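This report walks through one protein model, from its overall layout to individual side chains. Please keep the sequence and the 3D view at hand while reading.

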Amino acid sequence: MNNKYSGIVTFLFTDIAGSMKLAQDYPALIHSALEEHHKILNDSVKANHGFVFKTIGDAFCCAFKNTLDAVNASVNIQI
């Protein structure tokens with residue numbers, strides 16, 4: 001098994017709360033909104049030395065070498 005990180009790592013898990021309702025309420029906008037969401041997540045995780053190891057719909061599973069990078073990515077994503 002080839003792991004990018006081993007030892008102690010920090011995980012970041014994200015999900016858009018209420019995304020199914022948003023998709024129902026805004027069907028014409030959800031695709032472009034999710035594209036932007038995915039770009040923001042991918043860019044922020046990469047910029048903070050992490051990597052996305054799995055996505056499920058709008059949920060992201062990410063790993064970082066240290067906690068500070070994960071926190072910085074989280075803050076950047078929220079902004």
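## Terms and basis of the model

A residue is called buried when its relative accessible area is under 20%, exposed when that area is over 50%, and partly exposed in between, with a 1.4 Å probe and protein chains only. The structure is a predicted model, in which local features need pLDDT of at least 70 and side-chain atom pairs count only at pLDDT 80 or more, while totals for chains, interfaces and linings use all residues. Residues are numbered from 1 along each chain as its sequence is written, and side-chain values use heavy atoms, with hydrogens and water left out.

## Overall layout

The protein contains three helices and three strands, where helices (H or I, at least four residues) and strands (E, at least two) are DSSP runs numbered from the N terminus. Along the sequence these elements follow the pattern β-α-α-β-β-α. The C-alpha atoms occupy a box of roughly 45 × 30 × 15 Å, taken along the principal axes, and buried residues account for 28% of the 79 residues.

## How the strands pair

Two strands count as paired if DSSP finds at least two bridges between them. By that rule strand 1 pairs with strand 3 (residues 59–64) in the antiparallel sense over five bridges, and strand 2 also runs antiparallel to strand 3, joined to it by six bridges. Facing strand 1, Ala63 of strand 3 stands opposite Phe11, and Cys61 stands opposite Phe13. On the side of strand 2, Phe60 of strand 3 stands opposite Thr55, while Ala59 stands opposite Ile56.

Strand 2 and strand 3 form a hairpin with two residues between them, and Gly57 in the turn has a positive phi of about 65°. A positive phi near 65° is also found at His49, a residue other than glycine. His49 lies in the loop between helix 2 (30–47) and strand 2, and His49 is exposed, with a relative accessible area of 51%.

## Faces of the strands

Strand 1 has alternating side chains: Thr10, Leu12 and Thr14 point to one face and are buried, whereas Phe11 and Phe13 point to the other face and are not. In strand 3, by contrast, six of the six residues are buried. Ala59, Cys61 and Ala63 point one way from strand 3, and Phe60, Cys62 and Phe64 point the other way, yet all are buried.

## Aromatic rings and the surface patch

A pair of aromatic rings is described by the distance of the centres and the angle of the planes. Rings of Phe, Tyr and Trp (its six-membered ring) pair if their centres lie within 6.5 Å, and planes under 30 degrees apart count as stacked, over 60 as edge-to-face and the rest as tilted. The structure holds four such aromatic pairs. In one of them, the ring centres of Phe11 and Phe53 are 5.9 Å apart and the planes are at 70°, so this pair is edge-to-face. The pair links distant parts of the chain, since Phe11 in strand 1 (residues 10–14) and Phe53 in strand 2 (residues 50–56) are 42 residues apart. Ring pairs link Phe11, Phe13, Phe51 and Phe53 into a cluster.

Phe11 is partly exposed at a relative accessible area of 48%, as is Phe53 at 40%, and Phe13 is exposed at 54%. Phe11, Phe13 and Phe53 form a nonpolar patch on the surface, with about 340 Å² of accessible area together. Accessible areas come from the Shrake-Rupley method with a 1.4 Å probe, and for residues only the protein chains shown count as cover. Patches are made of residues with over 30% relative accessible area and no salt bridge, like charges being joined within 9 Å and nonpolar side chains (Val, Leu, Ile, Met, Phe, Trp, Tyr) within 5 Å; a salt bridge is a side-chain nitrogen of Lys or Arg within 4 Å of a carboxyl oxygen of Asp or Glu.

## The cysteines

How many disulfides does a search of the whole structure find? The search finds zero, a disulfide being a pair of cysteine sulfur atoms within 2.5 Å. For Cys61, the nearest cysteine sulfur is that of Cys62, 7.1 Å away, which is too far for a bond. Cys61 is buried, with a relative accessible area of 12%, and Cys62 is buried at 0%.
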